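Visitor: Could you take me through this model feature by feature, giving the general idea and then the case at hand?

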Amino acid sequence: MLQVWALDGIPEITPGDDLVTVIADAAAGRLADGDIVVVTSKIVSKAEGRILAADDREDAITAETVRVVASRPTPNGGTTRIVQNRLGMVSAAAGVDASNTPEGTVLLLPEDPDASARLIAAGLRERLGVEVGVLVSDTLGRAWRDGQTDHAIGAGGVHVFEDLRGGTDAEGRPLVVTMPCVADELAAATDLVKGKATRRPVAVVRGRADLVGSLDLPGARSIVRPLERDMFRLGADEAYAEGFAAGAASVTPSSAP
């Protein structure tokens, strides 16, 4: 049976706060071997001092952007940008967040979410004497679907995939490509109990102890699809414009009809 609950009693996090102590105190002896602790990236960023004074959020987005995938004007005169950020993730606004942060500041994603997750997992294991895994989650949109859901952007001591390839389905047919991203599924499940405005940024999943393992397991960075296997590296309008420009450049005066 899968159980998911949020931890109450997490205070407002400020730069330099020890998240291991904060989470251990809030858990109050309720963690057990095999539990997976899911921590919202926002409090990790706050603890790590990833707060940036920025009168213009757009400048912060630009600074975090490695590659623009698509951009569209918004009705209020702004621009929505889908970009690849320095962590390799493709998301709106490069993960730069202006909510639940003081006026005139923005939150950047953790410098290395996998390292953050491993550090918290190691600290909880040592402090509480239980073998837990840790996921760092963030809210992302999805291609082809409206709305958002939480995804795992950092992992420490958790198998991020459940590789079913080589097995068979209920009808005995071979499974060739089935590899659920269980880290994302768990992150999304905890968002149901954490909420966005309830100050409950940490949740616990119990019932998937099979996913908890060594701290040197591949992190959430391994979830990011390499660019060479990305079939949608550009938005539709951007891909059309790129192809049109390439075609126009290939036409010389002598080859034109």
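Visitor: Is Arg-125 buried or exposed?

Guide: The general idea is that a residue counts as buried when its relative accessible area is under 20%. In this model, which is predicted, Arg-125 has a relative accessible area of 19%, so Arg-125 counts as buried. Its side chain nevertheless has a charged partner, for Arg-125 forms a salt bridge with Glu-131, the closest N and O atoms being 3.8 Å apart. Glu-131, with a relative accessible area of 39%, is partly exposed.

Visitor: How many salt bridges does the structure hold, and which residues do they join into one network?

Guide: A salt bridge is read from the distance between a side-chain nitrogen of Lys or Arg and a carboxyl oxygen of Asp or Glu, which must be within 4 Å. The structure holds 16 of them, and bridges that share partners join Glu-12, Lys-46 and Arg-199 into one network. Within that network, the closest N and O atoms of Glu-12 and Arg-199 are 2.9 Å apart. This pair links distant parts of the chain, since Glu-12 lies in the loop between β1 and α1, whereas Arg-199 lies in the loop between α5 and β10, 187 residues apart. Glu-12 is partly exposed at 44%, and Arg-199 counts as exposed at 64%.

A further case is the salt bridge between Arg-127 and Asp-18, at 3.8 Å from N to O. Arg-127 belongs to helix α4 and Asp-18 to the loop between β1 and α1, so this pair ties together parts that are 109 residues apart in sequence.

Visitor: In what order do the strands of the open sheet stand, and which strands are at its edges?

Guide: To read a sheet, one follows the strand pairing rather than the sequence. Here 5 strands form an open sheet with mixed pairing, in the order β1-β10-β2-β8-β9. β1 (3-6) and β9 (145-156) each have a single partner strand, so one side of each is left without a neighbour in the sheet. From one strand to the next the twist averages 30°. Inside the sheet, β2 and β10 run antiparallel and are joined by 4 bridges, with Val-37 standing opposite Val-204 in β10. Helix α4 packs on this sheet, where it touches β2, β8 and β9, and its direction makes about 60° with that of β9.

Visitor: Which residues have the most contacts inside the largest nonpolar core?

Guide: One looks for buried nonpolar residues joined through their side chains, and then asks which elements supply them. The largest core has 31 residues, and those with the most contacts inside it are Ile-23 and Leu-124. The element that gives the most to this core is α1, with 7 residues. Leaving aside neighbours within four places in sequence, the contacts of Ile-23 are Leu-7, Val-37, Val-39, Ile-120, Leu-124 and Val-202. A second, separate core of 14 residues includes Ala-155, Val-182, Leu-211 and Ala-220.

Visitor: How far apart are the end C-alpha atoms of helix α5, and what do its buried residues pack against?

Guide: A helix can be checked by comparing its length with the rise expected for each residue. At 1.5 Å a residue, the 13 residues of α5 (residues 182-194) should span 18 Å, and the end C-alpha atoms are 18 Å apart, which agrees. Its buried residues, among them Val-182, Leu-186 and Lys-194, pack against β1, β2, β8, β9 and β10. After α5 comes Gly-195, whose phi is positive, near 75°.

Methods:
Residues numbered from 1 in each chain as written. Predicted model: local features only at pLDDT ≥ 70, side-chain atom pairs only at ≥ 80, totals over all residues. Heavy atoms only, no water. Core = buried A, V, L, I, M, F, W, Y, C linked by side-chain atoms within 4.5 Å. Buried < 20%, exposed > 50% of the residue type's maximum accessible area, 1.4 Å probe, protein only. Helix = DSSP H or I, 4+ residues; strand = E, 2+ residues; numbered from the N terminus. Contact = heavy atoms within 4.5 Å. Pairing = 2+ DSSP bridges. Axes fitted to C-alpha atoms, helices over the stretch in contact; angles between N-to-C directions. Expected span 1.5 Å × (residues − 1).
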